Amino acid sequence: MDDNSGIEPGIAVDEFCSDSIDQTSLLAAPKGLISRCAYLALIGELETDSRSVIKRLGSTGEHGKQLQTELDRLRVPVEKVTIFNRAASGYSQEGFFGRSGTLGTNGLGKITYRRNLFDSFFDAVTHTGNVGPRTSSAFTLAHEIGHFDGIHGYQLFSKGADPKLVAKSSILKETSAIVSALKWQQEVGKTIQDSSIQFEQLRAGKLGSYIKQTWTYPELKSLTNSEADAISASYIKKAFPGLLKTDGSLGNYSLNDLQKFNRGSKIPSLESVVSENLGNSARRTFGSPLKKLALFGALATINEIEHGFKQSPKEGINALIDTGVAWLGWESGVKLLLRNTATTNPFLCIAAGIAGSVCADMTLKRISHRSNY
């Protein structure tokens with residue numbers, strides 16, 4: 001039996017192997033990444049100033065509109081924190097290469113979110129389609145606004161307070177915030193950051209122990225995992241009736257009703273503890289560094305396509321097809337990784353994008369080669 005029966009006649013084994021390591025196909029990877037970043041820049045996903053992020057927050061559906069209305073009503077300042085701009089509230093940058101999604105609040109009077117070149121780049125490569133840095137920032141913003149649930153847990157953070165009371169308050173507030181972010185993500189229709197784990201824990205009734213293990217509040221150590229799960233599950237049942245639907249999705253809820261449920265008659269109104277001016281926090285709208293890099297790369301790609309058309313219509317069309325295939329390959333590689341694994345490691349996503357672009361380019365070359373026979 002012929003050992004080469006799996007390869008088409010006329011293509012030698014050594015030729016097949018040389019095609020599989022075609023070095024020119026490696027150029028498809030930067031083309032794919034540049035095309036993705038240029039697309040994100042075109043649709044505004046690389047704009048991460050607070051005004052753009054808040055606008056994205058309210059563009060999803062009913063819950064997103066509620067969250068944006070809450071910001072408008074309470075006029076809570078939203079501030080982007082970069083490496084060279086530390087928040088006056090004491091919130092500080094936690095690592096030069098840190099992942100996006102680290103936020104902080106100061107007595108519910110200010111929301112700060114970290115956003116630098118690395119955060120934005122990692123968000124660009126760990127998502128597909130129309131999800132990028134702006135949507136990722138809005139997702140974490142949805143989490144922080146979820147803390148405006150009427151529970152004034154910070155009042156318990158005083159010397160001599162029962163650590164279990166503080167821990168319970170922390171579990172309740174983080175539960176509200178996680179539910180808020182997951183509901184917003186559901187309206188977007190795509191998985192954002194590592195939230196699939198939170199969805200799984202919520203549906204399994206294990207959200208309390210997840211919070212206990214993930215958040216660093218020392219008082220949480222006073223609770224067992226089963227106690228934390230019971231606190232969170234009981235709160236969800238009472239504060240979010242009908243939240244978990246039979247198809248596994250999250251139902252709608254009113255943020256106003258949630259606040260009334262939590263405040264009771266003895267809790268002062270939330271408006272008395274928040275700041276007054278949102279406008280001051282949203283005045284700067286400088287473009288992100290990644291956007292500038294993406295536009296520069298896009299111009300280089302356009303120049304390459306234009307050069308091809310100057311040579312001949314065929315060369316121009318080939319250059320255009322090469323760019324499109326490289327972009328599709330990058331998106332497909334990352335999408336396959338996200339779909340089949342639980343990781344959103346940016347370096348693995350980059351590797352998947354490179355592999356997808358190279359494979360797509362090689363496939364295109366082999367199809368084009370065969371079509372000439």
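This report describes a predicted model of one protein chain, moving from the whole chain to particular helices, salt bridges and single residues.

## The chain as a whole

The chain has 373 residues, and buried residues make up 47% of them. Its secondary structure comes to 14 helices and three strands.

Many of the contacts bring together parts of the chain that lie well apart in sequence: of the contacts between residues at least 6 apart, 72% join residues that are at least 24 apart. Towards the outside, the chain exposes about 19,000 Å², and 58% of this area is supplied by carbon and sulfur atoms.

## Two helices that cross

Two packed helices are described by the angle between their axes and the distance between the axes. In this model, helix α2, which covers residues 28-42, packs with helix α5, which covers residues 117-125, at an angle of about 105°, and the two axes are 10 Å apart. An angle of 65 to 115 degrees counts as roughly perpendicular, and therefore α2 is described as roughly perpendicular to α5.

The residues that meet where these helices pack can be named on both sides: α2 brings L33, R36, C37 and L40, while α5 brings F121, A124 and V125.

## Salt bridges across the chain

The count of salt bridges comes to seven. One of them joins R36 and E331, whose closest N and O atoms are 2.9 Å apart. Because R36 lies in helix α2 and E331 lies in helix α13, this pair ties together parts that are 295 residues apart in sequence. Both R36 and E331 are buried. R36 therefore appears twice in this account, since R36 is also among the α2 residues that meet α5, as well as being a salt-bridge partner of E331 in α13.

A further salt bridge is formed by the side chains of E45 and R134, with a distance of 3.2 Å from N to O. This pair, too, links distant parts of the chain, for E45 is in the loop between α2 and α3, R134 is in helix α6, and the two are 89 residues apart. E45 and R134 are both buried.

## A salt bridge within one helix

What separates E70 and R73 along the chain, and where do they lie? Both residues belong to helix α4, which covers residues 62-74, and they are three residues apart, about one turn of the helix. Their closest N and O atoms are 2.9 Å apart in the salt bridge that E70 forms with R73.

The two partners are not covered to an equal degree: E70, with a relative accessible area of 6%, is buried, because buried means under 20%, whereas R73, at 39% relative accessibility, counts as partly exposed. Elsewhere, salt bridges that share partners join E45, R56 and R134 into one network.

## Three buried residues and their contacts

S137 lies in helix α6, which covers residues 133-145, and is buried, with a relative accessible area of 0%. When its neighbours within four places in sequence are left aside, S137 is in contact with T48, V53, Y113 and R115.

S232 lies in helix α10, which covers residues 225-239, and counts as buried at 2% relative accessibility. Not counting residues up to four places away in sequence, S232 touches I171, T175, L207 and G208. I192, by contrast, lies in the loop between α7 and α8, and counts as buried at 0% relative accessibility. Among the residues that I192 contacts, with neighbours within four places in sequence left aside, are H127, V131, T135 and F139. The C-alpha atoms of I192 and G132 are separated by 9.0 Å, although these residues are 60 residues apart along the chain.

## A nonpolar patch on the surface

Which residues make the nonpolar surface patch of about 260 Å²? The patch is made by F309, I317 and I321. Of these, I317 has its place in helix α13, which covers residues 313-340, and counts as partly exposed at 44% relative accessibility. Helix α13 therefore holds the patch residue I317 and also E331, the salt-bridge partner of R36.

Notes: Residues numbered from 1 in each chain as written. Predicted model: local features only at pLDDT ≥ 70, side-chain atom pairs only at ≥ 80, totals over all residues. Heavy atoms only, no water. Patch = residues over 30% accessible without salt bridge, like charges linked within 9 Å, V, L, I, M, F, W, Y side chains within 5 Å. Areas by Shrake-Rupley, 256 points an atom, 1.4 Å probe, with all protein chains shown as cover. Salt bridge = Lys/Arg side-chain N within 4 Å of Asp/Glu carboxyl O. Helix = DSSP H or I, 4+ residues; strand = E, 2+ residues; numbered from the N terminus. Buried < 20%, exposed > 50% of the residue type's maximum accessible area, 1.4 Å probe, protein only. Contact = heavy atoms within 4.5 Å. Axes fitted to C-alpha atoms, helices over the stretch in contact; angles between N-to-C directions. Parallel < 35°, antiparallel > 145°, perpendicular 65-115°, else oblique.
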